[in-house]
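Grab a pencil and keep the viewer open while you work. Try each exercise on your own, then go through the solution step by step.

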Amino acid sequence: MSFNDSSSGNSTFFEAEEHVETKIVSVYTPIIYGALLIIYLMIFASQYRKRRIKKMAELPSIFDENEARKLYFEVKQMSEEQTVHEKVIKALLLNRGAEAIRRSFKLKELEPQINMLYKSGSIGEDYWQRYQNEVKLAEVEFKETMMEAENLQQGWAQLFVALCKEICFNQALTRRYNSIFKRKEVCIKEWQLKIDGNGRLIQ
């Protein structure tokens, strides 16, 4: 093989190398890919959260049925078929929010006792899991009421929280008063006491 042949071969190699095509990738390609990935993750997180909340809601509740929540959705569904005044919707939503706050306070009040009973083995894993679920559901419920309040009237959410707390405390005082009144009636009946019109004991 001669030097000329070798040179000719090298020339062909370099010529072939020079004709290699390079594809230009748009600067927007990684941005679009990243945006699609973020959207997919957001959808996945949303679906996972919904499934988790649904699973938690299927467990037996520590509380009685949430009548405030049930009534709100019944009236809201009714409003799709006939006219319901906005004040009625707001009042029911406030009552629903107050119930969510009441449950949150009650769960926080029970937390030390529940922890102590769980650590001592007095309650099982099932009840402990139910308690944890109730805490999470109460948080989710109140966040949903705040979102509903914002949808009903923009900027109302902040005032909504204050009103819910006030309603919750007023309802607690009403329940306490009714409890004292019922206890009074029971004591009068059992001890055969005589009370005058002013509520004073007759000797």
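## Exercise 1: Inside the protein

The largest nonpolar core has 16 residues, and those with the most contacts inside it are Leu93, Phe142, Trp156, Phe160 and Cys164. Keep in mind that this is a predicted model. Your task: find which elements give two or more residues to this core, and look at what phenylalanine 142 is in contact with.

**Solution.**

Step 1. Start with the elements: H3, H4, H5 and H6 each give two or more residues to the core.

Step 2. Now look for the top contributor. That is H4, with seven residues.

Step 3. Zoom in on phenylalanine 142. Skip its neighbours within four places in sequence, and you find it in contact with Gly97, Ala100, Ile101, Val161 and Cys164.

Step 4. Don't stop there, since a second, separate core exists too. This one has seven residues, among them Phe63, Ile114, Trp128 and Ala138.

## Exercise 2: The overall picture

Zoom out and describe the protein chain: how many helices and strands does it have, and what share of its residues count as buried?

**Solution.**

Step 1. Count the elements: there are six helices and zero strands. Reading from the N terminus, you get α-α-α-α-α-α.

Step 2. Turn to burial. The chain has 203 residues, and 20% of them count as buried.

Step 3. Check the outside. About 16,400 Å² is exposed, with carbon and sulfur atoms supplying 58% of that area.

Step 4. Ask how the chain meets itself. Take the contacts between residues at least 6 apart in sequence: 66% of these join residues at least 24 apart.

## Exercise 3: Checking helix H6

Test whether the length of helix H6 (residues 157-191) agrees with 1.5 Å a residue. Then work out which of its residues are buried and what covers them.

**Solution.**

Step 1. H6 has 35 residues, so at 1.5 Å a residue it should span 51 Å. (The trick is to multiply 1.5 Å by one less than the number of residues.)

Step 2. Compare that with the model: the end C-alpha atoms of H6 are 51 Å apart, which agrees.

Step 3. List the buried residues of H6: Ala157, Phe160, Val161, Cys164 and Cys168. Their cover includes helix H4 (86-120) and helix H5 (125-152).

Step 4. Peek at both sides of the helix. Just after H6, glutamine 192 takes a positive phi of about 55°. Glutamine 153 sits in the loop between H5 and H6, and it counts as partly exposed because its relative accessibility is 34%.

Step 5. Here's a neat pair to find: glutamine 153 and lysine 90 are 63 residues apart in sequence, but their C-alpha atoms are 9.5 Å apart in space.

## Exercise 4: Hunting salt bridges

Side chains of opposite charge can pair when their charged atoms come close. Your task: how many salt bridges does the count come to, and where do glutamate 86 and lysine 90 lie?

**Solution.**

Step 1. With a cut-off of 4 Å between a side-chain nitrogen of Lys or Arg and a carboxyl oxygen of Asp or Glu, the count comes to nine salt bridges.

Step 2. Take glutamate 65 and lysine 70, whose side chains meet in a salt bridge of 3.7 Å, N to O. Glutamate 65 is exposed, because its relative accessible area is 53%. Lysine 70 has 38%, so it counts as partly exposed.

Step 3. Go on to glutamate 86 and lysine 90, where the closest N and O atoms of the salt bridge are 3.5 Å apart. Both residues lie in helix H4, four residues apart, which is about one turn of the helix. Glutamate 86 is partly exposed at 40%, whereas lysine 90 counts as buried at 17%.

Step 4. Now try a salt bridge between helices. Glutamate 144 pairs with arginine 69, with 4.0 Å between the closest N and O atoms. This pair links distant parts of the chain: glutamate 144 is in helix H5 and arginine 69 in helix H3 (residues 67-79), 75 residues apart. Glutamate 144 is partly exposed at 28%, and arginine 69 is partly exposed at 33%.

## Exercise 5: A patch on the surface

Which residues form a nonpolar patch on the surface?

**Solution.**

Step 1. The patch is made of Tyr28, Ile31, Ile32, Leu36, Ile39 and Ile43, with about 650 Å² of accessible area together.

Step 2. Place one of them: isoleucine 32 is in helix H2 (residues 28-57).

Definitions and conventions: Residues numbered from 1 in each chain as written. Predicted model: local features only at pLDDT ≥ 70, side-chain atom pairs only at ≥ 80, totals over all residues. Heavy atoms only, no water. Patch = residues over 30% accessible without salt bridge, like charges linked within 9 Å, V, L, I, M, F, W, Y side chains within 5 Å. Areas by Shrake-Rupley, 256 points an atom, 1.4 Å probe, with all protein chains shown as cover. Buried < 20%, exposed > 50% of the residue type's maximum accessible area, 1.4 Å probe, protein only. Contact = heavy atoms within 4.5 Å. Core = buried A, V, L, I, M, F, W, Y, C linked by side-chain atoms within 4.5 Å.
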